[in-house]
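Q: I would like to learn how to read a structure like this one, starting with the ligand and then moving on to the sheets. Could you take me through it step by step?

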Amino acid sequence: MKATPAIIEAENIKKIYKRGAEEIAAINGLSVAVNRGDFIAFVGPSGSGKTTLLNLLGCLDNPTSGKLTVNGRTVHQDGRGLSESQLTRIRRELFGYIFQKFYLIPTLTVLENILVPFAFFRKEGASQDVLPLLKKLGLENRMNHLPGQLSGGEMQRVAIARALVNRPEVLLADEPTGNLDSERSREIGKVLRQLNEEEGLTVLLVTHNLELAAMARLTISLRDGRIA
Ligand SMILES: Nc1ncnc2c1ncn2[C@@H]1O[C@H](COP(=O)(O)OP(=O)(O)OP(=O)(O)O)[C@@H](O)[C@H]1O
Ligand SMILES: [Mg+2]
């Protein structure tokens, strides 16, 4: 398939949550195109739909309506979508995810944590030689530590390394510095920027931290489930 610039394209997507008789439009008719090599920060007040949008763009959740195309493939259209196994495949092949809570396995070392996705679903082209990745993230002297022996910033860098071990095209990060002080947040911002500039990694970031958002190439503000 020919590579088009847009790796993710959402057209008029909605995500409606039902709570009893009440309907909440968490995403309310939003269109956005993400091109390869983009670094986008989504910002906006609490409840504006940032997490919902990131989950939709990253195929972790299905829109209620609208059209979503990922890597040239229609993932969802008119209320119909791909099967769960097709979605799982897209998630594994295309995306890496990092979250506010780092979700490291406490009994595994740094190196073992990073290799977990590799052990479960090795992707073609991925390498078991993770040393360059550890070096890039400044973790080469930490690889035999347990997560409990690391600082918060180091834990998040391990989570980033784990998200990158299968060489995703797009890194999705929901409040990756929510648990970190401003110094550590800057560090993570620099790492994301560097991965974007040097490796061409597409980065989609959700954050309340305006300093971190400023590291992105483009900021998109959300309000009430729409682009503000
Ligand atoms: N599973 C759910 N069921 C019902 N409503 C939900 C669900 N998830 C989110 N919502 C609602 O959808 C809206 C958007 O939520 P979302 O989590 O996307 O906001 P957010 O911008 O990420 O907020 P925050 O900055 O607080 O993380 C909110 O009104 C929220 O209450
Ligand atoms: Mg959120």
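A: A definition comes first: a polar contact is a pair of N or O atoms within 3.5 Å. Please also keep in mind throughout that this is a predicted model.

Q: With that cut-off in hand, how far does a polar side-chain atom of Thr 51 lie from an oxygen atom of ligand 1?

A: A polar side-chain atom of Thr 51 is 2.9 Å from an oxygen atom of ligand 1, and a polar side-chain atom of His 208 lies 3.3 Å from an oxygen atom of the ligand. The backbone takes part as well, since a polar backbone atom of Gly 49 is found 3.0 Å from an oxygen atom of ligand 1. As for burial, 64% of the 640 Å² of accessible area that ligand 1 has on its own is covered by the protein.

Q: Which residues are around ligand 1, and which element supplies the largest share of the shell?

A: The residues around ligand 1 include Tyr 17, Arg 19, Ala 26 and His 208, together with Pro 45, Ser 46, Gly 47, Ser 48, Gly 49, Lys 50, Thr 51 and Thr 52. Helix α1 gives the largest share of this shell, 3 residues, and both β1 and α1 supply at least two residues each. Sorted by character, the shell holds 3 nonpolar, 7 polar and 2 charged residues.

Q: Turning to the sheets, what is the order of the strands in the open sheet of 5 strands, and why is one side of each edge strand left without a neighbour?

A: The general idea is that strands of a sheet pair through backbone hydrogen bonds, either parallel or antiparallel. Here the open sheet of 5 strands reads β2-β1-β4-β5-β6, with antiparallel pairing. Strands β2 (22-35) and β6 (80-81) stand at the edges, and because each has a single partner strand, one side of each lacks a neighbour in the sheet. Helix α1 (residues 50-57) packs on this sheet, where α1 touches β1 (6-19), β2 and β4 (65-70), and the direction of α1 makes about 125° with that of β1. Helix α2 (residues 84-94) also packs on the sheet, touching β4 and β5, with its direction at about 130° to that of β5.

Q: How many bridges join β1 to β2, and how many join β1 to β4?

A: Strands β1 and β2 run antiparallel and are joined by 11 bridges, with Lys 14 opposite Asn 28 in β2. The hairpin of these two strands has 2 residues between them, and Gly 20 takes a positive phi near 65° there. On the β4 side, 5 bridges join β1 to β4, again antiparallel, and Ile 8 stands opposite Val 70 in β4. Further along the sheet, 2 bridges join β5 (residues 73-77) to β6 in an antiparallel arrangement, where Gln 77 faces Arg 80 in β6.

Q: What pairing does the open sheet of 6 strands have, and which are its edge strands?

A: The order in this sheet is β7-β8-β9-β3-β10-β11, and the pairing is mixed. Its edge strands, β7 (95-99) and β11 (226-227), each pair on one side only. As an example of a parallel pair, β8 (residues 170-174) and β9 (residues 202-206) are joined by 5 bridges, and the bridge partner of Asp 174 in β9 is Val 206.

Key: Residues are numbered from 1 along each chain as its sequence is written. Chains are lettered from A and ligands numbered from 1 in the order in which they are written. This is a predicted model: local features need pLDDT of at least 70, side-chain atom pairs count only at pLDDT 80 or more; totals for chains, interfaces and linings use all residues. Side-chain values use heavy atoms; hydrogens and water are left out. Two strands pair if DSSP finds at least two bridges between them. Helices (H or I, at least four residues) and strands (E, at least two) are DSSP runs, numbered from the N terminus. Contact means heavy atoms within 4.5 Å. Axes are lines fitted to C-alpha atoms, for helices over the stretch in contact, and angles run from 0 to 180 degrees between N-to-C directions. A residue is near a molecule or strand if one of its heavy atoms lies within 4 Å of it. A polar contact is a pair of N or O atoms within 3.5 Å; within protein, one must be able to donate a hydrogen and the other to accept it, and residues adjacent in sequence count only if both atoms are side-chain atoms. Accessible areas come from the Shrake-Rupley method with a 1.4 Å probe; for residues, only the protein chains shown count as cover. Ala, Val, Leu, Ile, Met, Phe, Trp, Tyr, Cys and Pro count as nonpolar, Asp, Glu, Lys and Arg as charged, and the others, Gly among them, as polar.
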